[in-house]
Each structure stands twice: as structure tokens, then as C-alpha cells.
Amino acid sequence: MLRFILTRVSLVIPTFLGVTFLTFLLIRLVPGDPIEVRVGERGIPPERLEQLRHELGLDQSLWHQFLDYIGGVLSGDLGLSLVTRNPVLDEFLTLFPATIELAALAMLFATVVGLPAGIIAAVKRGSIFDHGVMGISLTGYSMPIFWWGLLLILFFSVGLGWTPVSGRLDLLYYVEPVTGFMLIDTLLAGEYGAFWSALHHLILPMVVLGTVPLAVVARMTRSAMLEVLGEDYIRTAKAKGLAGKRVIGLHALRNALIPVVTVIGLQVGTLLGGAILTETIFSWPGVGKWLIESINRRDYPALQGGVLLIASTVMAVNLLVDLLYGVLNPRIRHSR
Amino acid sequence: MKRILLGAGLGVAAALALAAPAQAAKTLVYCSEGSPENFNPMVNTTGTSFDVSLPVYNNLVEFERGGTKVVPGLAESWEISDDGLTYTFHLRKGAKWHSTGDFKPTRDANADDVLWSFNRQWKNDHPFHKVSGGAYDYFNDMAMPTLLKSIDKVDDYTVKFVLNKVEAPFLANLAMPFAPIQSAEYAEFLQKKNQIDKMDQVPVGTGPFQFVAYQKDAVIRYKAFDQFWGGKAPIDNLVFAITPDAAVRYAKLKAGECNIVPYPNPADLETMKKDTSITLMEQEGLNVGYLAFNTTKKPFDDVRVRRALNMAIDKKAIVDAVYQGAGVPAKNPIPPTMWSYNKDIEDYPFDPERAKKLLAEAGYPDGFETDLWAMPVQRPYNPNAKRMAEMMQADLAKVGVKAKVVQYEWGEYRKRLQAGEHLMGMMGWTGDNGDPDNFLNVLLGCESARIGGSNVAKWCNKEFDDLTVQAKRTTDIAARTKLYEQAQVIFKEEAPWFPVAHSVVHMAVSKNVVDYRVEAFGIHRFYGVDLKQ
């Protein structure tokens, strides 16, 4: 087991370096540097451009800049945002809880709805319910997030007035951030109205962000269940005279869950990617919206640091899932 | 289930209980389009960042609400010496500073604050010069470092600015957002606490609204400052709800989650006009969109070619199709609302036959091949450059000119255009200070025709330049008006541009908003706005 863990952890290092290098390079390949982006229609005298580039260290060779950067990263320094002049790590940590809160709820939504839907579809294979679930999940999977979000806003917020259009909390409330998780902070402050408002604000973005994972979880659960239901031991269990529910709930589901857990883990990447669009539509103050602005402003350190931290999160979760998979499925451990 | 319902009921009850006192206060919600860099307009260049600082600070002089006239700010009155070189400002007495959680001001705004603020931008050795990056773009762009000779305190409430040369737009420049007065006492307080970065994060000013809190990327809160020298604002709280997507801003306005919405989608304007639940306000913007001919390159070094192309393109069709009623055709480089606009000038007629003749005279009977640069982004003065380019392309083809549309990423586009790499390129401008110099000199003067300068026609006409420079060195408005009118005649004859349009700025507001004024400069201010209960 230890050996397995060590092998997996050692694989993380090249991925980490690769992500750092790629982000560093890609944002620099995008035309226009942070100064040119600021300048506007007015233009800038070449001397002043040079001076400002020098002050930001942009006049040095790419290799020099990269080594400087990676040196900083290894000592835990992600640099200062070129725009706000605040440490990138501080900005990220201020905003990340909002993203986690949204992503976690979206994942919860996807699992709570997707898992039972997949199970029932598998058990009632070929029924209307099965076709319905599969049809809806294919639609959900293909739905452009941006369009889906606006559609829900127009219907539920503008049309029916059931949910707020965007934001994280009604403007009437002001809750001092403690953990950064609005649901927890409002409870800590004892503001139940604010808690309710935060929950209200979460509904639409949660559904929008959870749609793709929901589709994936439902489909994956269904196919895993179908596979397991065809196994000999299920027939044996049934032959023993066990109740149908017990066979499905105990014998089939436990085995079918193994691939589903992996898929859920892999969805973390999808969630954080989808959060970028979802946060922009719902004016959600998380890291996704912040990254978009960093790209627009060519805020190199913010973007590099943000992508690196998100990538690290995804890697950490994947690693955890892999390890968990090892625990759930002993065959994996022993085969290595 | 019962328990859940009970919980929900309690939640709603609690929300109502908490909401009750807040509702009595008038809260104006402005759905802003983006997050600010910080709260100091000295170091910023974007309208988004200016907007968040404007409620907090005062300048020495300011622009009147919704207009371009310069009115008193922290300076109650001022005198300009006869030689136009010395400006003496008399400061308002009793202008109170805001307080923060730990900072309590002990004195009113005075001459020390004015000196402190200007020196911060001007002097490298100022203790706060490097704070927040220390790039004072606008201060430099308005040539302040070369213009200023000295700034002196005469007494506690009198400050004297001495210039190196006469600069007629100087007063208007001081009204621009980049020149706010910050508190020297607050700065000293922060220095002692070793927190100088807070200067631009937790702003302290003398303005109508006091900063309360900024939740990054989400909400900015202000409250009306009771002791504001101009009288407390009619509203009690001002909130900026940051909402980057235009469609969502409109949805929020309709759902009653915000009162004022900037930058509506051009595609939504028709719907908004018909929407009875909101009001769509408009104001002629202080801007111009144009196509510049690179006058340093063949064939555009020949004035006959430039005139011919001015006659070859159907301006009205373009304005109708691209601006969809939100623009007026332009014949001069400055907009019609600006003083010294020469209304007697006649635009070139749309006349492809005469254009062909002129081209033949210039030695291009069969036309020629050229490029046509179109910006890749929507700008206030040009909602759709690509479409505009395609229409121009079609018109030009009819007189034998084959134009190839060229596009680059926006930053790259400007850089290359300002370097003069193009033959024909679209550009535009939004005024900074309401002074014609800010258009005629900045966009067409010889000084900005250099590589990297904002004169993208790279046009340097001695006669035109003499007129605008002379106008800048005179403080008499009547005399300046004559000079600028003359300059516009030369501009029309020499045709370095094909001026396209001046666009209209739109703001969508809810029905209960009273007396909001759309600003021509593209900034947004809320002092004086009220809400019907």
C-alpha cells in the first residue's frame, strides 16, 4: 500500500511542473501584455512602455522570468497581482471558499439526483423511465452552461420571481467572512435570514453547475449497475431468495459504486472548469470569475497562481480518489 | 417535512425582522460591470475603477453633473493670472474627512492635503509614490510632469499652481478623475501603523459617500456622509453589485435587484425601449468613431485619394446599420455637443462617380489594393467594427478599391495601429475633459503623430498644428473657439480621416430612480440621485 501511495505521489511532481510551465507560457503567447492592455486608445510613448515593462520585470528573457517564478513558487511565494498589488495567494484564498461552496453543492446535487436515477434506470432497463433518464442526461450533458444559466434566470428569477438573479447574498445582509463559506458564516453570525438568503442564491448556480456531472453520474451508475446485475453472484443472491431491494442495495450497488466513485472524483476538474462560466453568469465572487478578469487584464501572476492552485486541488482530489479506490477495491492494491 | 417548513418559516420571519429597519433607509443599487483594481483613481485608467472612487473623493474642481462644465469642488474659487501661468485656488473651509474604523480625522481638508496629493503623483521621493504600483498614467498622459513648475501653499486654505507654459485645458484636466485630494493626515496615520497599502484599499475622502466595505468581486458598500460640505445625499446607502454579464444586469434590473444598469447590450436596446417596467436613458456621448488613412504611406499621402474615399463610402447606411439609431453621422473630429464645433462645415457627399474621377486624377483609374483594419472588440464609439468594415469594403469595391479586412487582438491592434503599420484603420476616442484640445491635439496633432502616439493617421499638418497649439496657449474661450473652428476647416480639406459617427450612451434605470444624469465622459456618479419610496 505504501509503495502504491508513493508511486502515485511521485507522479504528481511532473504534472505540477508541467502545469506551471504551460500556464506560464500560454498566457504569454496571448498577444498584448499587462501594460498594453491598460493603455487604451491614447497610446504610450515607447520610452515609458520600456520603463514600465522594466518595473514589472517583463523585459527579462522568458527563461529568466520562468526560473524566477518557479523559484518563488517552490518557496511558497506566488507573487503579487499586477492589478491590485495584493499577494496572489491571499486573493485566491479569499475567493476560493465561494467556489468550493458552489462546487460542493453542485456535486451533492449531482450525486443525490444522479445516483438514484441511474439505479432505477438500470433496474427498469428499457422502460420509459430508463429512456427518459438517458434522454435527459444526454441533453444535460450537451447543454451549453452559459445558455442554460440565462434560461433558468429568465424563467425562475425574472418570470416567476422564485430565485434571485445573481449574487451570493441579499444586499440587506452583511456578514463578516469567517470561514468564507456563506452558509456557515451566516449560521455562525446567528443570522438565519441571511442563511436562508444564501441558500436561495445557491439554487440556480448549483443546478447549472451540477447539470453536467449529474448526467455523467446517472449514466455511469446505470451502466455500472447493468454490468453488475448480470454477474453470477447476483443470480446466486436472487436464487437464495433474497428480496429484490436487498440484492440491489447491498450486493449490486456496493460493487457498482467503485467506478462511480472514480467518476465523481474526476468530475472535480469539470466542476472547477464549469465554475468559471457559472460564476461569470451568476456574478458569483469565486476564483472562476477572478481568473477571467485576470486573463482580460493579462495579470500574469494572478492567472499563473490561480491555475496552479486549482490544478493542485484537482490533482490532490484525484490522488485521494485513487487511494480511496485502492481501499474500495483490493484488487488494485495487490496488482501493483 | 414539518420541521423543514417550520425552519423555512423561521428563516423568512428572521429575514423580515432584519430587513425592516434597513428598508426604511434608501439604498440605491448600481449593478456595475466589473471589479475595481483599488480605490484610488490616480493609479488607474479604467472607467470601472474611476466609478468606485468618485463617490468618495473630491477634486479641486469638478465636472457638473451630467455635463462638461467645470464647477467648484474642494476649491471654492480660483484666479488665473493674466499671463495664464499661475492658478490660485481658494479652498473651501469646513470640508470634513471621512473616518474609518480606527482613523478619526482631527482637522478639515486644507492646503497640506492638496500638496500631499499632487506631490504623490509628481515627486519620486514622496513616501507614497510607489504605493499601488506607482504608475500614474493619466498624470503623465496629461503632461503634468512637464507642465507643472511648482505647487505652493500660500496659507492653510490657498494653493498656488505655477505652470511652465500656458495650457488652456489645465483647469478641465484637474477635474478629471485622476486628480482627487487624499488626506495627508490619514496617510501619516497609516505610515505610523505600517499599513501604507491601505491608503488605496480603504479610501478616506471628503466626498458625498463614505466607504463602508468591499467584498472582493461581489459588493461595494458606501453610506451617505452626513457632514458632506455639499449637504447629505438624498439616498442613505449606495451599493455597487458587481455583475459582469450584460444580459444578467438587465435581468437584475427587471427583477428589482438593481436600480441603475450601465452598458446595456446593443442588441437589447430595442427591447429595453419597449419595456415599460424600466426607463432607458440616453445622452450623446463625448466620442467619435473614425477610419484613419495612414497619410505617410502611398496612396494615402495624396489628399485626392483621401477625399475620393470620403465620397466612396455611404456613411448614412453604415450609421443606420451598425449603430441602429444609437449614433449620429460625424463630419468633424469633435462631437456636436462640444464647444467650438464647426457646424458650417459641409461633409463630403456620398458620390461614387466623383470618387472614381478623383482617383483617376490621382493616377488610380483602376483603383488599388489596400488593407482595412477593424478592431476586434465592441467600443463605446463603435458597436461592431467588423460589420462596419464589411460595409466599407463593399462600397470601396464599387470604385475599384479592393480592401482586405485585417484584425488583431485588441492590445496588439492598438499597438500596431499606433505604430503606423496600417494603410487604413478604424479607431475612436472618448473625451477625458470636455476640451476640444483633448480631441484635436491628441488625435490629430503633430506631437502625437510619432510612433506609438494616438494620431493614427500619422498626419502632421503644420497649419492645423499651429492653430491647435496656439489655441492651447490662450485662455480666452472666444479666441480659442475661432482657432478650433478654423482647424476643423483644414481637417475637412485635408481629410486625414473618414469620420464615421458619434455614438449615444445608454443607461437603463428602474422607474423609482429620480434625477439620475447620464454622464458624457462614460463615468457614473450618484450624488443627487434619489429613490421614490
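In what order do the elements of chain A run from the N terminus on? The order is α-α-α-α-α-α-α-α-α-α-α-α-α-α, and the secondary structure of chain A comes to 14 helices and zero strands. The structure is a predicted model, for which the predictor gives the complex an ipTM of 0.83 and a pTM of 0.86.

## Confidence in chain B

The mean pLDDT of chain B is 90, and 96% of its residues score at least 70. Among the elements of this chain, strand S7 (residues 158-163) has the highest mean pLDDT, 97, while helix H1 (residues 2-24) has the lowest, 42. The pLDDT stays below 50 over residues 1-23 of chain B, a stretch that has 17 contacts in the model beyond near neighbours in sequence. Where pLDDT is low, the predicted coordinates should not be read in detail.

## Chain A

Chain A has 336 residues, of which 38% are buried. Its C-alpha atoms fill a box of roughly 85 × 55 × 40 Å along the principal axes. Of the contacts in chain A between residues at least 6 apart in sequence, 73% join residues at least 24 apart.

One helix pair in chain A is formed by H5(A) (residues 88-123) and H6(A) (residues 128-142), whose axes come within 8 Å and cross at roughly 140 degrees. H5(A) is therefore oblique to H6(A). The crossing is left-handed. On the H5(A) side, A:Ala117, A:Ile120 and A:Ala121 take part, meeting A:Phe129, A:Asp130, A:Val133 and A:Met134 of H6(A). By class, this contact comprises six nonpolar residues, no polar residues and one charged residue.

## The interface

Between the two chains, 54 residues of chain B are in contact with 48 residues of chain A. Elements of chain B that each supply at least two residues to its side include helix H4 (137-141), strand S8 (209-215), helix H8 (246-254) and strand S17 (424-430). The largest share, eight residues, comes from H1(B), the helix with the lowest mean pLDDT among the elements of chain B. Divided by class, the side of chain B that touches chain A has 25 nonpolar, 16 polar and 13 charged residues.

Helix H8(B) pairs with H7(A) across the interface: their axes come within 10 Å and cross at roughly 5 degrees. An angle under 35 degrees counts as roughly parallel, so H7(A) is roughly parallel to H8(B). In this contact, A:Leu150, A:Ile153, A:Leu154, A:Ser157 and A:Val158 of H7(A) meet B:Ala247, B:Val248, B:Ala251 and B:Lys254 of H8(B). The classes represented are seven nonpolar, one polar and one charged.

Why is H8(B) described as largely enclosed by the rest of the structure? Seven of its nine residues are buried, so the helix is largely enclosed. The buried residues are B:Val248, B:Arg249, B:Tyr250, B:Ala251, B:Lys252, B:Leu253 and B:Lys254. Their cover comes from both chains: it includes helix H7 (145-159) and helix H11 (244-281) of chain A, together with strand S11 (260-262), strand S12 (278-284) and strand S18 (497-510) of chain B. Just after H8(B), B:Gly256 takes a positive phi of about 80 degrees.

## Loop residues of chain B

Several loop residues of chain B have backbone angles worth listing.

| Residue or bond | Angle | Loop in chain B |
|---|---|---|
| B:Ser132 | phi near 60 degrees | between helix H3 (111-122) and H4 |
| B:Tyr263 | phi about 45 degrees | between S11 and helix H9 (269-274) |
| B:Lys298 to B:Pro299 | omega near -5 degrees | B:Pro299 between strand S13 (287-293) and helix H10 (303-312) |

B:Ser132 has its positive phi as a residue other than glycine, and B:Tyr263 likewise is not a glycine. B:Ser132 counts as buried because it has 22 C-beta neighbours inside 10 Å. B:Tyr263 is buried too, with 20 other C-beta atoms within 10 Å. The peptide bond from B:Lys298 to B:Pro299 is cis.

A further loop residue, B:Pro177, is found between helix H6 (170-174) and helix H7 (184-192) of chain B. Is B:Pro177 buried or exposed? With 23 C-beta neighbours inside 10 Å, B:Pro177 is classed as buried. Not counting residues up to four places away in sequence, B:Pro177 touches B:Pro41, B:Phe50, B:Ser53, B:Leu54 and B:Ile523. B:Phe50 lies 127 residues from B:Pro177 along the chain, and their C-alpha atoms are separated by 6.3 Å.

Conventions:
Residues numbered from 1 in each chain as written. Chains lettered and ligands numbered in written order. Predicted model: local features only at pLDDT ≥ 70, side-chain atom pairs only at ≥ 80, totals over all residues. pLDDT = per-residue confidence, 0-100. Helix = DSSP H or I, 4+ residues; strand = E, 2+ residues; numbered from the N terminus. Contact = placed C-beta atoms within 7 Å. Axes fitted to C-alpha atoms, helices over the stretch in contact; angles between N-to-C directions. Parallel < 35°, antiparallel > 145°, perpendicular 65-115°, else oblique. Left-handed = near helix turned anticlockwise from the far one by under 90°. Nonpolar A, V, L, I, M, F, W, Y, C, P; charged D, E, K, R; others polar. Buried ≥ 20, exposed ≤ 12 C-beta atoms within 10 Å, placed from the backbone.
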